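Biologist: Could you take a close look at one part of this model for me? I'd like to hear about the cysteines and the packing in the interior.

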Amino acid sequence: MTLLKHELRQSRTTLFIWLSAIGGLLMVCMFLYPEMRGEMDQMGEMFSSMGAFTAAFGMDRLNFGTFFGFYVIECGNILGLGGALFAGMTAASVLSKEEQEGTGEFLLTHPVSRTRVAAEKLGSVLLQVLILNIAIYLLAIGSAQVIGEEIPWKELTLLHLSYFFLQIELAGLSFGLSSIMRRGSLGAGLGVAAGAYFLSLIANISEGAKWLRYVTPFAYASGADIMMESALELPLVALGMTYGLAGIAFGFFWYSRKDMK
């Protein structure tokens, strides 16, 4: 567990910065809600008539006048995209940085297998994702209680759980990328997350692109679907976890066989 602890110590500043940024924006949005409550109906009508933009963000299926509708639209995109970027960035650099920074030779001369190195590094990524999601969930609950709003416990918990699954999937895929890249992996991780987000927007806009729902993890992290069904779309979640596990398996396979430079 020495390497896992070392990775967590190295990443604690980055984790704190991302947590502060996402949590701070979340709290700002939440504290603005009481001031905007009286204008919600008018804003909902305005957003519902914006055509493709409305469909892209699922606003045609959300009631902007309710607290949860506001939370999904204003806070959900911050949480979903911010968490995805964090997971992709963290996982994409966890293996490749040993070659990029020239520390791979020192690490792999120790009596520890490459499989164990990869496992502990992956564990550090998953722990950081878990810490981020628990902290953000608690901040959301605390902020809602401060402004005196009734918390829709089931829908809010399902929404945050879907974001957690989304980040696990993207972390798994980025971990696989990290095993084959020698430098520039940070951009690759951010690209995976941003690409998945824009694919979800295309799937929402175009009927002919609905098949993209089976590719992007943002499909099962749709706040509009969760609000309407009060449930996660489990087949899509299972498919997403399969993608993530495939990325992890590939990462272990490639890292254990690659030539280190």
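Is Cys29 buried or exposed?

Modeller: Keep in mind that this is a predicted model. Cys29 is buried, since its relative accessibility comes to 13%, and buried here means under 20%. Cys75 counts as buried too, with a relative accessible area of 0%.

Now for the sulfurs. The disulfide count is zero. For Cys29, the nearest cysteine sulfur belongs to Cys75 and sits 4.4 Å away, with Cys29 in no disulfide. Look from the other side and Cys75 has the sulfur of Cys29 as its nearest, again at 4.4 Å, and Cys75 is in no disulfide either. The pair isn't counted because a disulfide needs the two sulfur atoms within 2.5 Å.

On to the packing. The largest nonpolar core has 42 residues, and Leu26 and Tyr71 are the ones that touch the most other members. Helices H1 (2–36), H4 (67–93), H7 (114–146), H8 (153–180), H9 (185–205) and H11 (234–255) each give two or more residues to this core. H4 is the top contributor, putting in ten.

Tyr71 is worth zooming in on. Leaving out residues up to four places away in sequence, Tyr71 touches Leu26 and Met30, then Gly76 and Leu79, and also Ala140, Leu156, Leu159 and His160.

There's also a second core, separate from that one, with 15 residues. Among its members are Ala87, Ala91, Leu95 and Ile168.

How values were computed:
Residues are numbered from 1 along each chain as its sequence is written. This is a predicted model: local features need pLDDT of at least 70, side-chain atom pairs count only at pLDDT 80 or more; totals for chains, interfaces and linings use all residues. Side-chain values use heavy atoms; hydrogens and water are left out. Buried means under 20% relative accessible area, exposed over 50%, partly exposed in between (1.4 Å probe, protein chains only). A nonpolar core is a set of buried Ala, Val, Leu, Ile, Met, Phe, Trp, Tyr and Cys residues joined through side-chain atoms within 4.5 Å. Helices (H or I, at least four residues) and strands (E, at least two) are DSSP runs, numbered from the N terminus. Contact means heavy atoms within 4.5 Å.
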